[in-house]
Structure formats: structure tokens, C-alpha cells
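I opened my notebook to jot down what I looked up today. Come along if you like a slow walk through a fold.

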Amino acid sequence: MESLCFTTPARVRVSFPSASPPKPARSLPPAEWAPKIPMGGVRRSVSLRCTRGLEEAAALDNKAYSLINSIEVREWESGKSVDDIAANQGIRIRRHPTKGEDTPRNILEKIIWDKVIEVSELKEEKPLTLVKETLHNAPPARDFVGALKASYEKNGVPALIAEVKKASPSKGVLREDFDPVQIAKTYEQHGAACLSILTDGKYFQGSFENLEAVRNAGVQCPLLCKEFIIDSWQLYYARSKGADAVLLIAGVLPDLDIKLMSMECRELGLTALVEVHNERELDRVLNIDGIQLIGINNRDLETFEVDNSITKRLLEGERGEIIRGKGIIVVGESGLFTPHDVSYIQNAGVKAVLVGESLIKQNDPGKAIAGLFGKEISKC
Ligand SMILES: O=P(O)(O)OC[C@@H](O)[C@@H](O)c1c[nH]c2ccccc12
């Protein structure tokens, strides 16, 4: 899929099938009657091959059809720019500089503008068809959500997604002697349920080599590819490098991107961790079917301010009830340093935490885990 938000130029005409879904002949393999969805001006099939049964594929088929007839797609089709669509959804981050304003408004916007260029170069080097050819060499995707649930049940404290992060734009270099494989192994030994591997090079000094190296070193914990995703090419790339989960940031991606990308994630066996930071973003995400995992980032990526009460605020009242009703697992992200921080957001309703700085900065990041939780935790 050429993502909605990564179409250059922003106004493209695409051809959509407008008829109702075809009634698939049950004898046909799913891929042959799969629906067509927009992809940068060409028609392309949502491939429903592999493990899916016909019923499941047919259900997805209908879903894809209602998606492509949705208001968002019509808006897009009628020539609204990606940034206009995003702005209507309360997204402040623009995909490209707008005319006459070529200074990014904040760090997140700068990261996204750079990422758009980086991904377009990578795509030229390695078109999607080539990436897809390498998928069969990738190690099988593992159950990210299952690992979180099992750890929460076993330890009675939020499951840990420990982050392998060398640097960040707000804090600079966090750890000079940075050996991603060794750090990943020690996190696993000390009870992390899953790991998050930064792959952005420019701002976080991460890499896909790190992700691949950790995966190939025999680490069992499922791996989150921590990347700024703006194009579904990146989903395939992440999977080809051994990722089990990816991050989708609601403050950057319009609803249609989240919907289509989370469908593609399911096809690839990837778990989507959809990140929100305020009520509006959470409401948008709760309106999207099939989301299993939501991250509440206590850090505002536009200002870097951290406030743990954001998790509590977002999980209070009706939103919390909807989340529990849907069985969604919530991850509390960023700025967690003490057992008090962890129990505060556990009481707010999270079942998992994503922690980077407070562990990676310690002499022994693995041993630091017991300090963070106030007790030893163990992997399932
Ligand atoms: O190092 P911290 O404060 O523990 O945060 C980890 C993680 O939550 C943070 O790195 C993060 C959360 N969402 C992101 C999106 C992009 C980059 C980084 C992030």
C-alpha cells in the first residue's frame, strides 16, 4: 500500500472499485478475489493468502470494501490534501512543509519530514516487491500480546517492554558502551516480556541491523520495531528484519492509515502498538476495529514534557470501560523510574509498561529491572 499520508504529491487520483464486494467462488484461492484498495494511483489487491481460512478472508474482504467506501477515502478521492485530512482529525504534524513555511513546528514534525525523505530513498533502493521476496526468509512472527498477558498474569505487575535505545533527541546519548545484543539478553534474563528496538538512526542512533542482530542472537522475547512509520513499505521491511510488532503513532497517522496499516499488520502476523497521547487520539483509535494494543505515551513528542497523570486521565471513566470491554491491553509509555511510578499507572489500568531511559542508563540495565518494580520479575 502506498500510504494515504505518504503520497507525493499530496493530491492524487486513484481508481476505486465502487461496486459491492464480489461474491467469491469458494473454490478460488483468497488472493484471486481479494478486494482492491488504493495504492498511490494504482489498483492493488489486499492479499489474503497464507494462513487465513476462507471465512476469515471473506470477512476481511467485506471490511476492506466498507473501508474503501468510507468518508475518509471519498475525501481523499475528492482531492483533499493529506495534511487537510489529518488536520481535520486534530493531527498537528504535517507530512511536508506547506507553502511558504519550511521550518518544522516541533521536533516530531522534523523527524517526520526527514523520515518521509529517508523512506522514499529506501523504497527506491528496495522496492516493495523485493522486500516481499525476502519475507519468507524472515523468522516467524511471535505473539507479542500473548507474551505481555502471560507476564502480567505471572508477575502481578505490568509486563515489561524493555527498550534498547542508545540515544534520544531530548536526552542525547543515554549509554556510551552500547551493545544491543548484550543489553537485549540481559533484559530477557531479568524478566522482560518483550523488547523494543529503536531503528531510527538520525535521532535515536538505532538501526535495523540492531533489530536483526537481536533477533538472530536467539533472544526469545517478541520484538517491537520502534520506528516512525509513515508508509506501509516500512511494515514489510520491519517484518523482513525479524520484527514481531510495530509502532503506529496516532499523532502522525490519519485514521485511514491506521486502519489500513493495522490490517496489513494482521496479514503479516505483526502486532500493531497504536500510540496515543490525548483524549482525541484515544477516541479515534477506539473507533477503529481490531486494535488489540494501545500505548499511552506520557511524553508529549512535540515538547518532550512527561506527565504520568496522562495515562490515568485517559483511562478514567467511559474510555476505560470501552477499553476493558474490548479486551484491549494498554501499555504505559515513557518517564517511568520508580516502583511508585509503576504502581501508579498500574492502578490507572495498564497491564504493560514501555521503559527505556531509567534502565538503559544504569550500570547493569538487567539488574535495574528489579529496582524499577521493587521486586524481581521473571519471564514466563
Ligand atoms: O525512555 P523512556 O522515557 O522510558 O521512554 C521509552 C519509550 O516510551 C519512548 O522511547 C517512546 C515512546 N513512544 C515513542 C515514539 C517514538 C520514539 C520514542 C518513543
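Below are my entries on the annotated domain, two helix pairs and the ligand shell.

**Entry 1: the model and its domain**

I note at the outset that this is a predicted model. I looked up the UniProt record, an unreviewed entry, and found that it annotates residues 108-370 as "domain: Indole-3-glycerol phosphate synthase". Over that stretch, I read 46% helix and 17% strand. The C-alpha atoms at the two ends of residues 108-370 sit 32 Å apart.

**Entry 2: α8 and α9**

Next I turned to helix α8, residues 180-189, and helix α9, residues 208-216. Their axes come within 9 Å and cross at roughly 50°. How should I describe α8 relative to α9, given that angle? At roughly 50°, the crossing falls outside the parallel, antiparallel and perpendicular ranges, so α8 is oblique to α9. I also wrote down that this crossing is right-handed.

Which residues make the contact? From α8 I listed P180, V181 and A184. From α9 I listed N210, A213 and V214. Sorting the residues of this contact by class, I got five nonpolar, one polar and no charged.

**Entry 3: α10 and α11**

Then I moved on to helix α10 (residues 233-240) and helix α11 (residues 255-268). Here the axes come within 10 Å, with a crossing of roughly 25°. Angles under 35 degrees count as roughly parallel, so that is my label for α10 against α11. The crossing of α10 and α11 is right-handed.

On the α10 side, L235, Y236 and R239 make the contact. On the α11 side, M261, E264, C265 and L268 do so. What classes of residue does the contact of α10 with α11 have? I found five nonpolar, no polar and two charged residues.

**Entry 4: around the ligand**

Last, I looked at the ligand. How many residues surround the ligand? There are 14 of them, and the closest are E333, S334, L354, G356 and E357. I checked which elements contribute: β12 (352-355) and α16 (357-360) each supply at least two residues of this shell. By class, I noted three nonpolar, five polar and six charged residues around the ligand.

Definitions and conventions. Residues numbered from 1 in each chain as written. Predicted model: local features only at pLDDT ≥ 70, side-chain atom pairs only at ≥ 80, totals over all residues. Near = placed C-beta within 6 Å. Helix = DSSP H or I, 4+ residues; strand = E, 2+ residues; numbered from the N terminus. Nonpolar A, V, L, I, M, F, W, Y, C, P; charged D, E, K, R; others polar. Axes fitted to C-alpha atoms, helices over the stretch in contact; angles between N-to-C directions. Parallel < 35°, antiparallel > 145°, perpendicular 65-115°, else oblique. Left-handed = near helix turned anticlockwise from the far one by under 90°. Contact = placed C-beta atoms within 7 Å. UniProt positions renumbered as here; feature names shortened; annotations may be inferred.
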